[in-house]
Every structure is written in C-alpha cells, then in structure tokens.
Amino acid sequence: MGKVVVVTSGKGGVGKTTSAAALGAALAQRKEKTVVVDFDVGLRNLDLVMGAERRVVYDLVNVIQGDAKLPQALIRDKRLDTLYLLPASQTRDKDNLTAQGVAQVIGALKRNFDWVICDSPAGIERGATLAMRHADIAVVVTNPEVSSVRDSDRIIGLIDAKTVKAERGESIDKHLLLTRYDPNRAERGDMLKVEDVLEILSIPLLGIVPESMDVLRASNLGTPVTLADSQSAPAQAYLQAARRLAGEDVPISVPGEKRSLLGKLFGWRAA
Amino acid sequence: MSFFGLFRKQASAPTARDRLQVLLAHERASVGESDLVARLREEILAVIAKHVKVDGEKVKVKMDRGDQVSTLEIDVEIPLKARVGAT
C-alpha cells in the first residue's frame, strides 16, 4: 500500500502546487511510482506547472461521477515514467467532490502507487479538508511571514481534528516545508528565521526551500523544479526533502548564505 | 553593532515573532474553547442532576476570556421542590 501525503498550507500563493509537483517528481526520480492529485477543483494549476495542460482529457470529478475510469484520467509524465498526474476539473466546482468518491479514488491510487501526493487548494473549506482527509503524512508549506504562519497553525489544528487517522485516535505525521526563505534577510532581522517558525508551529522540519528565480523559471517551462535543473538550490532542497519523506536521515542544510561582497567587507547586519 | 548598523531600520522579525506568539496562544485556546464549554456543560449538568431535578435547557455555561484571567459563569435555574429523593 502506498503512502498518502497532503501538501497544504491554508494560505494561498505560498508554493503548495510548486512543492507538490517538485516533491512528486523527486520521489518519482527515486524510481518510486508516484501520482500527484490536484484537489483544486475549479482552479486547477498542477497540470500547468507539470507541463501537461494540453494532455488533460478526464479529471478527478469525471472519475468520481463515474464518467471515466481512473486509468483514463491518469496522465503519465513525458519525462519520468514513474510519475503520474490526476488533474482537477476546471469547469465544475468543488461541490462535485464527494467524501465517498474521494475515499474510493484515494483507496484505488494507494493500491497502485508508492506515493499519492494530494495538492490541496487554499482555504479551510471542503476542498482542503477532502484533500487532507486520507493523508498519512501532511506537508505544511509555510512562508516566513506572519499571515502564512498563522494560517499554517490553523491548518495544523484541522489536520489533528479532521483526518481519518486523527478521528481514529492515531497520530498523523506533520512536517514543515519552509519556502521562499531568504537567509540574508533573516540574518539581517527582516524575515522570520527558521528557528522562529519552528518554535511557533512546533512540528518537525522537512526542508528549507530558498527564494529563487529557478522556481519561476521551472513553472514558466512547465517542468517540476527538481527536473528543470537538479543542481539549482531549490531543486536540491526538494530532492533532500523527498529523501527525508522516504525515511532517509538527511541533515537539514540552510540554503547557502550568499552575502554581497560589500556586506562581507563591512559586516553589514542588523543592529 | 557595526558603523553602518546605526543607519539601518530596526529589525522587524522579532516583532513578527512576538506578535505571532501572542496571537496564536489566544487562537489555539479559543478553537478548543467551544468544545470545552460543551463538555463542561454536560458534566456540570450530570453532577447537579444527581441531587436536584433540573431542566437541561435551564443550565447556562459561559466562558469569558480575558488577558489575565478567564471567568466561567454557570447559571442554573432550579425549580422549587426539585430535590431528588427528598422526603
């Protein structure tokens, strides 16, 4: 049986879809059969980020409503034969997701894949709660910024209350993925530090993804970050995060501090 | 502090951290609160019902959360001659 991972955050625009695509690709690069499921019904974007927007025929809602069989809706990645995408519907709304339908689809995917990555929509409503419902592991994507941290705290509360595992009294693995981190700004005291966010949210750290042009570049190209340039700093961060997710013990590295020459010379830092 | 530090704006991240810590302590408590009040109400009702006959609707439990202390207000309406097993 595969493991179900929900990539969630509460707040929008923090990098859920980028992270779901990058982690999914990173796990698939390890030769583990992976499917990434878009739960953002009505506002799908995972297909675009993964470069499969022109290959969508059937979607999650079609499968739930019985208009298509699950294998018909799955899109195999052109670059990695272990990576699949199950797109969301763009034309219907989230009311078309039923709890029972989602349970059946996730159950079937778990039997056929090593990893089922659920890309949650923003918010705390139906789409988000259904995306996290069957998760074994939650990846909470957070920016080092007050509104994102607050929303992550709220989402962590929901994970502990509304997932099947939580309702059974089992504990659910929750991990923090800190994205858009800028070590220079944190060092100057203008951005929450990794330790600050960890102390406030008190869940273990899965990885630190630095703010980088490579992320926008990868989405422009429709390529998961880890496939676009596996040597780039964000790709390395996601590849390491995927190894930790798979149970490997990889030490966390804060992405390289690149202080300007001037900064180094004058020891420019916050008072 | 370096010479250039004198001209820098004061660091804002510690303020962000402190504000979040205060806010989240408050929010975490209030999310659990509605649940807590419901449980308290049920248990208080059960204890009272052992001794006097009360109408479940006539028991009111209210929680007010302040900065330093919170107050729990319990309002029970007991009708005359309501003692259970009274002779």
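## Strands, cores and a pocket in chain A

Five bridges link strand β1 (residues 3-8) of chain A to strand β5 (residues 115-119) of chain A, and the two run parallel. This is a predicted model, so please read everything below as a description of that prediction.

Let's stay with β1(A) for a moment. Within β5(A), A:Val7 has A:Asp119 as its bridge partner. β1(A) is also joined to strand β6 (residues 137-142) of chain A, in parallel, by four bridges. On that side, A:Val7 stands opposite A:Val139 in β6(A). The strand is mostly covered, with five of its six residues buried.

Next comes strand β2 (residues 34-38) of chain A, where five of five residues are buried. A:Thr34, A:Val36 and A:Asp38 point one way from β2(A), while A:Val35 and A:Val37 point the other way, and all are buried. Five bridges tie β2(A) to β5(A), again running parallel, and the bridge partner of A:Val37 in β5(A) is A:Cys118. β2(A) also pairs in the parallel sense with strand β4 (residues 83-86) of chain A, over four bridges. There, A:Val37 stands opposite A:Leu86 in β4(A).

What about the nonpolar interior? The largest nonpolar core has 53 residues, and those with the most contacts inside it are A:Val35, A:Phe39, A:Leu86, A:Leu97, A:Leu109 and A:Val116. Another core lies apart from it, with 37 residues that include A:Ala21, A:Leu83, A:Trp115 and A:Leu177. In soluble globular proteins, nonpolar side chains tend to be buried together.

Which residues does A:Val116 touch, leaving aside its neighbours within four places in sequence? It is in contact with A:Lys3, A:Val4, A:Val5, A:Val35, A:Val37, A:Ile106, A:Leu109 and A:Lys110.

Now for a helix. In α10 (residues 194-201) of chain A, the buried residues are A:Val194, A:Asp196, A:Val197, A:Ile200 and A:Leu201. Viewed down the axis of α10(A), these buried residues fall within an arc of 165°, so they line one face of the helix. The face turned away from the buried side of α10(A) carries A:Glu195 and A:Glu199, which are exposed.

Just after α10(A), A:Ser202 takes a positive phi. The table lists that residue with two others that have a positive phi.

| Residue | Place in chain A | Phi |
|---|---|---|
| A:Ser202 | just after α10(A) | about 40° |
| A:Lys31 | loop between α1 and β2 | about 70° |
| A:Arg180 | strand β7 | about 55° |

Neither A:Lys31 nor A:Arg180 is a glycine. Are these two side chains buried or exposed? A:Lys31 has 67% relative accessibility, so A:Lys31 counts as exposed. A:Arg180, at 41% relative accessibility, counts as partly exposed.

Finally, there is open space to look at. The largest pocket has a volume of about 560 Å³. It is lined by 28 residues, of which A:Gly13, A:Val14, A:Gly15, A:Lys16 and A:Thr18 are the closest to its centre. Several elements of chain A each supply at least two residues of the lining of the largest pocket: α1 (16-29), α2 (46-49), β7 (173-181), β8 (205-210) and α11 (213-221).

Terms used
Residues are numbered from 1 along each chain as its sequence is written. Chains are lettered from A and ligands numbered from 1 in the order in which they are written. This is a predicted model: local features need pLDDT of at least 70, side-chain atom pairs count only at pLDDT 80 or more; totals for chains, interfaces and linings use all residues. Side-chain values use heavy atoms; hydrogens and water are left out. A nonpolar core is a set of buried Ala, Val, Leu, Ile, Met, Phe, Trp, Tyr and Cys residues joined through side-chain atoms within 4.5 Å. Buried means under 20% relative accessible area, exposed over 50%, partly exposed in between (1.4 Å probe, protein chains only). Contact means heavy atoms within 4.5 Å. Two strands pair if DSSP finds at least two bridges between them. The arc is that of the directions from the helix axis to the C-beta atoms. On a 1 Å grid over the protein atoms alone, a cavity is a set of points where a 1.4 Å probe fits but cannot get out, and a pocket is an open set with protein on both sides within 12 Å along at least five of seven lines; lining residues have an atom within 4 Å of a point. Grid points are joined across faces, edges and corners, and a volume is the space filled by probe spheres set on the points.
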